[in-house]
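Look over the sequence and the 3D structure below. The report then takes up a patch on the surface, a ring pair and some charged pairs.

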Amino acid sequence: MKTLSTLALLTAATAAQAYTLDVNVGHSRLSNTYDDVSLIGLGVGSQLNNEFHLGLNVSRKSIYDMNVALVDAKATSATLDLTYSLSPMGGIRPFVGAGVGYSWLSGTGVTSKSVLTTDVFAGVRFALSENLDIAFTVKNAQFSGVKYTSGAKHTITDWSQSVGLRLKF
C-alpha cells in the first residue's frame with residue numbers, strides 16, 4: 001500500500017508540471033534586404049516527458065523593407081513546435097527543436113494573406129525556481145510563398161534571438 005501512495009504522489013507531482021506557458025521577446029533579422037525588427041511571442045504547451053515538449057507558439061513581427069519592394073507588413077505566426085531537451089550540464093539544459101505552421105500577413109507590399117512557416121531552433125534553459133525557467137533561443141524560420149504586389153513569390157528567411165520565461169503548471 002505504501003508503494004501505491006508514493007506512486008500516486010509522484011504521478012500528481014508530474015501532472016502538476018505537465019503544462020507550460022511561455023512568453024518571449026527578441027530581435028529578428030529577416031532576409032538581407034529587410035530591416036531588423038523586434039518580435040514578441042506567447043506559447044502554451046505540454047511537457048510530454050523529461051526530454052520532449054510540444055507547444056503551440058504564436059508570435060508577431062514586422063516585415064519591413066522600404067528600399068526594394070516597399071514592403072511594410074505584419075506577420076502573425078502560429079507554429080506547432082516539438083522541442084527535445086538534451087542532458088543537463090550543471091544548471092544548464094540545452095535544447096533543439098523544429099516546428100511547422102502558418103503566418104498571416106497584413107499591410108502594404110504583400111498580396112499573400114497566409115503562407116507556410118517552418119522553423120528550427122536551439123537554445124539553453126536555466127531553472128530559476130521549480131516553476132519558472134528562463135531560456136535563450138536562436139531560431140531560423142522560413143516564410144514560404146510570400147507574394148509581393150509586384151507579382152513575384154519569395155521565401156523570406158528570418159534569424160531571431162529571443163529571451164523567454166516559461167511558467168510550469
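Which strand gives the most to the nonpolar patch? Strand β3 does, with four residues. This is a predicted model, and the text below reads its features one group at a time.

**Confidence**

The protein chain has an average pLDDT of 86. A score of at least 70 is reached by 86% of the residues. Among the elements of the chain, strand β6 (residues 114-129) has the highest mean pLDDT, 96. Helix α1 (residues 2-16) has the lowest, 45. Over residues 3-16, pLDDT stays under 50. For that stretch the model has two contacts beyond four places in sequence.

**The nonpolar patch**

The nonpolar surface patch covers about 860 Å². Its members are Val44, Leu48, Phe52, Leu54, Leu56, Val58, Leu80, Leu82, Tyr84, Leu86 and Val96. Strands β3 (52-65) and β4 (71-85) each supply at least two residues of the patch. One of the patch members, Leu82, lies in strand β4. Is Leu82 buried or partly exposed? Leu82 has a relative accessible area of 38%, so it is partly exposed.

**A ring pair in the patch**

A pair of aromatic rings is described by the distance of the centres and the angle of the planes. The whole structure holds four aromatic pairs. One of them joins Phe52 and Tyr84, with ring centres 5.1 Å apart. Why is this pair called tilted? The planes of Phe52 and Tyr84 meet at 50°, and a pair counts as tilted when this angle is neither under 30 degrees nor over 60. Phe52 lies in strand β3 and Tyr84 in strand β4, so the pair ties together parts that are 32 residues apart in sequence. Both residues also belong to the nonpolar patch. Phe52 has 32% relative accessibility, so it counts as partly exposed. Tyr84 has 33%, so it counts as partly exposed too.

**Salt bridges**

Side chains of opposite charge can pair when their charged atoms come close. A search of the whole structure finds four salt bridges. Three of these pairs are listed here.

| Pair | Closest N to O |
|---|---|
| Asp158 and Lys61 | 2.2 Å |
| Asp119 and Lys139 | 3.7 Å |
| Lys168 and Asp133 | 3.2 Å |

Start with Asp158 and Lys61, which form a salt bridge. The pair links distant parts of the chain, 97 residues apart. Asp158 sits in strand β8 (residues 153-168), and Lys61 sits in strand β3. Both Asp158 and Lys61 are buried.

Next come Asp119 and Lys139, another salt bridge. Asp119 lies in strand β6 and Lys139 in strand β7 (residues 132-147), so the pair ties together parts that are 20 residues apart in sequence. How is each partner covered? Asp119 has a relative accessible area of 5%, so it is buried. Lys139 stands at 22% relative accessibility, so it counts as partly exposed. The cut-off for buried is under 20%.

The side chains of Lys168 and Asp133 also meet in a salt bridge. Lys168 lies in strand β8 and Asp133 in strand β7, so this pair ties together parts that are 35 residues apart in sequence. Both Lys168 and Asp133 are buried.

**Putting it together**

Strand β3 turns up in several places. Strand β3 gives four residues to the nonpolar patch. Strand β3 also holds Phe52 of the ring pair and Lys61 of a salt bridge. Strand β8 holds Asp158 and Lys168.

Conventions:
Residues are numbered from 1 along each chain as its sequence is written. This is a predicted model: local features need pLDDT of at least 70, side-chain atom pairs count only at pLDDT 80 or more; totals for chains, interfaces and linings use all residues. Side-chain values use heavy atoms; hydrogens and water are left out. pLDDT is the predictor's confidence in each residue, from 0 to 100. Contact means heavy atoms within 4.5 Å. Patches are made of residues with over 30% relative accessible area and no salt bridge: like charges are joined within 9 Å, nonpolar side chains (Val, Leu, Ile, Met, Phe, Trp, Tyr) within 5 Å. Accessible areas come from the Shrake-Rupley method with a 1.4 Å probe; for residues, only the protein chains shown count as cover. Buried means under 20% relative accessible area, exposed over 50%, partly exposed in between (1.4 Å probe, protein chains only). Rings of Phe, Tyr and Trp (its six-membered ring) pair if their centres lie within 6.5 Å; planes under 30 degrees apart count as stacked, over 60 as edge-to-face and the rest as tilted.
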